[in-house]
Protein chains: 2
Amino acid sequence: MQYSSPMAGLRERKKQRTRRALIEAALRLFAEKGYADTTLAEIAAGAEVSTRTFFSYFNGKEDLVFHDAEGRVERALELLAGRRPGESVVALLLRLIDEGFEQARESGELVTFEEAELRMRLIMTEPALQGRALLLLYDSQLRLARALHEVCPDELDELEAAAAVGALFGAVKLAVMTHLCGDRSLQRIQVIARRAAGIALEGLRTLETRAVARIHAGPPGMAS
Amino acid sequence: MQYSSPMAGLRERKKQRTRRALIEAALRLFAEKGYADTTLAEIAAGAEVSTRTFFSYFNGKEDLVFHDAEGRVERALELLAGRRPGESVVALLLRLIDEGFEQARESGELVTFEEAELRMRLIMTEPALQGRALLLLYDSQLRLARALHEVCPDELDELEAAAAVGALFGAVKLAVMTHLCGDRSLQRIQVIARRAAGIALEGLRTLETRAVARIHAGPPGMAS
DNA sequence: TGAAATTTTGCAATGGGTGAAAAAATAAAG
DNA sequence: CTTTATTTTTTCACCCATTGCAAAATTTCA
């Protein structure tokens, strides 16, 4: 019952290697032949294990695509828990949004940048993955809402924390999705995300009477 | 290519009857034995058709649960298109939220109230259905955002419309979900939805400095 | 009624997923 | 270095959802 880092017995090390082998074989095949056209048998063969063994590492084909999701969520939860002294809720939430893009940019220890791109492409084309992705996103939001309420219980009750997280991510997600045609540079997506976040933070009410006086010229916070 | 109401040839009528039979057999079995434990063979047998025929009526098991989803979305789109003269965007969006509850309450022509409850229960317990439900919800939001932009192109650009719809539904969805334990009366859920909608409309920023002066005492609009 | 269009059905096959027991690998003891 | 206990992997035999295809049944229309 230890974390995965300290290399315990040969048993654990071998399991980690098999897990990686399965992930890498799968992603390689997905990139080559597409998600649907890749069979579990092929993936298992690529990792040199039996098809049955696959299911003792993953609960299904989909899990391969989202193998690093849990880690991402956990980093986000840590960010919330590490709220800086005096930091406003709005500032904290904005940091939360940007953190996601930083992670995608960083190419962390386990996840390469091409992998992130491949995942995006797969999710956009496979309905099954879309459903799973949304489920994951929604589950993360529930956990983030709880965490947010816990770091500022005096400022937000549970409902308010949930509404805040839901509104923020809901705005960002839908705005990004509607503008996904054509350019997909991380930069431009982040700009869209920030504008959407700004709208959620300012309130939809402010959208009404501002045909002339456009308050939200740029993403609130550091105007570039 | 006509609507379903005018009874055309016997062929069309029979198809409609078979479709209903499949839906009703399925929902009955789902209620009795659960979603996962009900096989397509049983459903088809219950509707007195072959298993193969099922697939000429639905694309899969999941579609049975969401058979009326399209109609719901269309009514929502009509509501947006029928924006009343002089109605503010906020008022329109609030009507949109309430409309959903009205529909659930009405027990429209095709969908009974028990059916709505069953669906809710199924979705809460079956991950596959959760994914599908979110996919549907997200797809509806995309269409609603487009429709919203079209009824007020001068007030909201595409990004703003998307952010508005996303924030509103995101807030409502997450708030409702976090408070789903225990009582599940439509009334109480609607109250929660309205509070969340109010938060999204007012903006998350207003949540910050209001530890004492609680502005959002009740759901905005008609205070009971 | 009889031919044409359409729908239903049966059948076989693919692929994801599960249960259970045999077989292999590894850890712990002696 | 054996023996033994524990864990993993494999094999095998299933179930079920889903799809393609061609035969059979049904409806439409002339």
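In this predicted model, 100% of the interface residues of chain A are also interface residues in chain B, so the copies meet through the same surface. The contact draws 50 residues from chain A and 50 residues from chain B. On the side of chain A that touches chain B, at least two residues come from each of α6 (89-106), α8 (127-151), α9 (158-178) and α10 (186-202). Helix α9(A) provides the largest share of this side, 18 residues. Sorted by class, the side of chain A that touches chain B holds 30 nonpolar, 10 polar and 10 charged residues.

How are the two chains placed relative to each other? Chain A can be superposed on chain B by a rotation of 180° with 0.0 Å of shift along the axis, and the RMSD is then 0.1 Å. The two copies are thus related as by a two-fold rotation axis. A good place to look for this axis is G203(A), whose C-alpha atom lies 1.5 Å from it, the closest approach of any residue of chain A.

Turning to the fold of a single chain, chain A has 10 helices and 0 strands. Its pattern along the sequence is therefore easy to read, α-α-α-α-α-α-α-α-α-α. Of the 224 residues of chain A, 32% count as buried. Among the contacts in chain A with a separation of 6 or more, 53% are between residues 24 or more positions apart.

What lies in the interior? The largest nonpolar core has 68 residues, of which A171(A), A164(B) and A171(B) touch the most other members. In chain A, α6, α8, α9 and α10 each supply at least two residues of this core, and so do α6 (89-106), α8 (127-151), α9 (158-178) and α10 (186-202) of chain B. In soluble globular proteins, nonpolar side chains tend to be buried together. The surroundings of A171(B) can be followed residue by residue: leaving aside neighbours within four places in sequence, A171(B) is in contact with A163(A), G166(A), A167(A) and G170(A) of chain A, and with A196(B), A197(B), I199(B) and A200(B) of chain B. A second, separate core comprises 38 residues, including L64(A), A44(B), F54(B) and Y138(B).

Which residues are closest to DNA strand D? Strand D is surrounded by 20 residues, and the closest are V49(A), R52(A), T53(A), G9(B) and G60(B). Two or more residues of this surface come from each of α1 (10-33) and α3 (51-54) of chain A, and from each of α1 (10-33), α2 (40-46) and α3 (51-54) of chain B. Helix α1(B) gives the most, with 3 residues. By class, the surface near DNA strand D is made up of 5 nonpolar, 9 polar and 6 charged residues.

A single residue of chain B can serve as a further example. E117(B) sits in helix α7 (residues 113-125) of chain B. Is E117(B) buried or exposed? E117(B) has 14 C-beta neighbours inside 10 Å and so counts as partly exposed. Along the chain, E117(B) and A104(B) are 13 residues apart, and their C-alpha atoms are separated by 9.4 Å.

Finally, the confidence of the prediction deserves a look. The average pLDDT of chain A is 87, and 86% of the residues score at least 70. Over residues 1-6 of chain A, pLDDT stays under 50, and the model has 2 contacts beyond four places in sequence for this stretch. Residues 211-224 of chain A also have a pLDDT below 50, with 17 contacts in the model beyond near neighbours in sequence.

Methods
Residues numbered from 1 in each chain as written. Chains lettered and ligands numbered in written order. Predicted model: local features only at pLDDT ≥ 70, side-chain atom pairs only at ≥ 80, totals over all residues. Helix = DSSP H or I, 4+ residues; strand = E, 2+ residues; numbered from the N terminus. Buried ≥ 20, exposed ≤ 12 C-beta atoms within 10 Å, placed from the backbone. Contact = placed C-beta atoms within 7 Å. Least-squares fit on C-alpha atoms with pLDDT ≥ 70 in both. Near = placed C-beta within 6 Å. Nonpolar A, V, L, I, M, F, W, Y, C, P; charged D, E, K, R; others polar. pLDDT = per-residue confidence, 0-100. Core = buried A, V, L, I, M, F, W, Y, C linked by C-beta atoms within 7 Å.
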